[in-house]
Amino acid sequence: MGKEAASAFGRWFVLKNIPVKPELVAVCDLNPDVLEWYRQVPSVEQLTTESNELLANEAVDVVYVAVPHHLHEQLYIEVLESGKDLLAEKPFGIDLPAARRIKEAADKLGRFVRCSSEFPFLPGPQRVIKEVQAGTFGKLIQIRSGFLHSSDMNPDKPINWKRQVKFCGEIGVMGDLGMHALHLPLRLGWKPENVYAQLQNLYTQRPDGNGGMADCDTWDNATLHSDVEIAGENVPMTVEMKRMAPGETNTWYIEIEGTEGGVRYSTKEPKTLWTFTRDKEQSWKKTDLGFLSVFPTITGGIFEPGFPDAFQQMLAAFFVEREGLLDSRFGCATPEEALQSQEIFAAAGVSHAKKKVVKSNLYAQ
Ligand SMILES: NC(=O)c1ccc[n+]([C@@H]2O[C@H](COP(=O)([O-])OP(=O)(O)OC[C@H]3O[C@@H](n4cnc5c(N)ncnc54)[C@H](O)[C@@H]3O)[C@@H](O)[C@H]2O)c1
């Protein structure tokens, strides 16, 4: 993900009239081969394997930290204590207590902190927000949101840190994919209240890369059945986070259905928005959205956006909001939203273990 950030900074000039121009000046990675890659980025002045060295660099104002989840708390807090602002990767700490400690440190030190979640910056999700805010859906019937992967369907895929509790946490796939699936519902004020979770560990061993097998002890898939209170009604909301969803490669989706209207968006059809109307006949209308970004770019309006575009838009939101210039535009996931997502994952873990419905607010402070 560090390379994705470098790519976004490297083509910052595509953003039109953007009031801030960040430059990638320093990179830290333990792996010298990874560091070597950054040598081709002309603005980089410091390459180091020691995070302390990067944090001592006075030319650095903001640090984007994309490391395995067991390192989040320590590195994030070190960034904040060094007097720098932080773009954190999800899940914002390995678990809820870690997330709380990170947020407490950010509040105490008064640093600007946001958490990564780029998909809502695509034109489709932005239109979803506008359609919801128009308030024309009638009574809401259901909400479905999810983020789906499938490379783990291959049992021969070697194990890595994302498949081991000691590195990615007890929350497993929820830590990996959950902030993505929850960001938009949480931004719309829809925090799941009562959570019933089904968690699955489908492949319990994977090749260790050295001819043997290693324990794969994380949750591969999580399905959360919940309800949210909207306009005095309990609305069912399902949140899917799956590493084993047949055929799905990074599919982020949201569907909101009401008695009078509805909306569906999936990155499977990245420029398409589906909207529902109930007239004499009921119909789902398919609209090509083109390149309607939060921050205007030089890309023509008829072209298709992709992952690198969403990621750059998210970075633009981070830096523009940090300057106090975001206005009414969509901003990055906040520490509060990251914390709420961890409260939901904590409730989900208990729900699955006890096979019962758990209130996520029990985990809120
Ligand atoms: N926003 C997204 O769409 C998205 C996508 C993938 C991953 N992520 C998140 O990004 C983070 C990293 O995931 P990834 O897929 O890039 O992982 P990765 O394993 O590809 O990269 C992690 C890098 O961190 C380096 N590293 C490990 N320990 C370090 C240390 N102490 N100091 C400096 N460098 C260290 C490793 O050498 C490696 O290059 C995770 O939090 C993950 O959840 C976000």
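**Close-up 1. Side chains of strand 4 in the predicted model.** From strand 4, Asp85 and Leu87 point one way, while Leu86 and Ala88 point the other way, and all of these residues are buried. In a regular strand, side chains alternate between the two faces of the sheet. Strand 4 comprises residues 85-88.

**Close-up 2. An open sheet of three strands with the order 3-4-5.** The pairing in this sheet is parallel, and its edge strands are strand 3 (62-65) and strand 5 (113-115), each of which pairs on one side only. Neighbouring strands are turned against each other by 15 degrees on average, with direction ignored. Strand 3 and strand 4 run parallel and are joined by four bridges, and within this region Val65 stands opposite Ala88 of strand 4. Strand 4 also pairs with strand 5 in the parallel sense, here over three bridges, and Leu87 has Arg114 in strand 5 as its bridge partner. Leu87 and Ala88 thus each appear in two of these views, Leu87 as a buried residue pointing one way from strand 4 and Ala88 as a buried residue pointing the other way.

**Close-up 3. Helix 9 packed on the sheet.** Helix 9, which spans residues 307-322, touches strand 3, strand 4 and strand 5, and its direction makes about 155 degrees with that of strand 4.

**Close-up 4. The contact of helix 5 with helix 10.** Helix 5 (residues 96-109) packs with helix 10 at an angle of about 165 degrees, and the axes of these helices lie 9 Å apart. Because of this angle, which exceeds the cut-off of 145 degrees, helix 5 is roughly antiparallel to helix 10. The crossing of the two helices is left-handed. On the side of helix 5, the contact is made by Leu96, Ala99, Arg100 and Lys103, which meet Pro335, Glu336, Leu339, Gln342, Glu343 and Ala346 in helix 10. By residue class, this contact divides into five nonpolar, one polar and four charged residues.

**Close-up 5. The surroundings of Ser341 in helix 10.** Ser341 lies in helix 10, which covers residues 335-354. The relative accessibility of Ser341 is 1%, and therefore Ser341 counts as buried, the cut-off for that class being under 20%. When residues up to four places away in sequence are not counted, Ser341 touches Met179, Leu182 and Leu186.

Note on methods
Residues are numbered from 1 along each chain as its sequence is written. This is a predicted model: local features need pLDDT of at least 70, side-chain atom pairs count only at pLDDT 80 or more; totals for chains, interfaces and linings use all residues. Side-chain values use heavy atoms; hydrogens and water are left out. Buried means under 20% relative accessible area, exposed over 50%, partly exposed in between (1.4 Å probe, protein chains only). Contact means heavy atoms within 4.5 Å. Axes are lines fitted to C-alpha atoms, for helices over the stretch in contact, and angles run from 0 to 180 degrees between N-to-C directions. Angles under 35 degrees count as roughly parallel, over 145 as roughly antiparallel, 65 to 115 as roughly perpendicular and the rest as oblique. A crossing is left-handed if the near helix is turned anticlockwise from the far one by less than a right angle, and right-handed if clockwise. Ala, Val, Leu, Ile, Met, Phe, Trp, Tyr, Cys and Pro count as nonpolar, Asp, Glu, Lys and Arg as charged, and the others, Gly among them, as polar. Two strands pair if DSSP finds at least two bridges between them.
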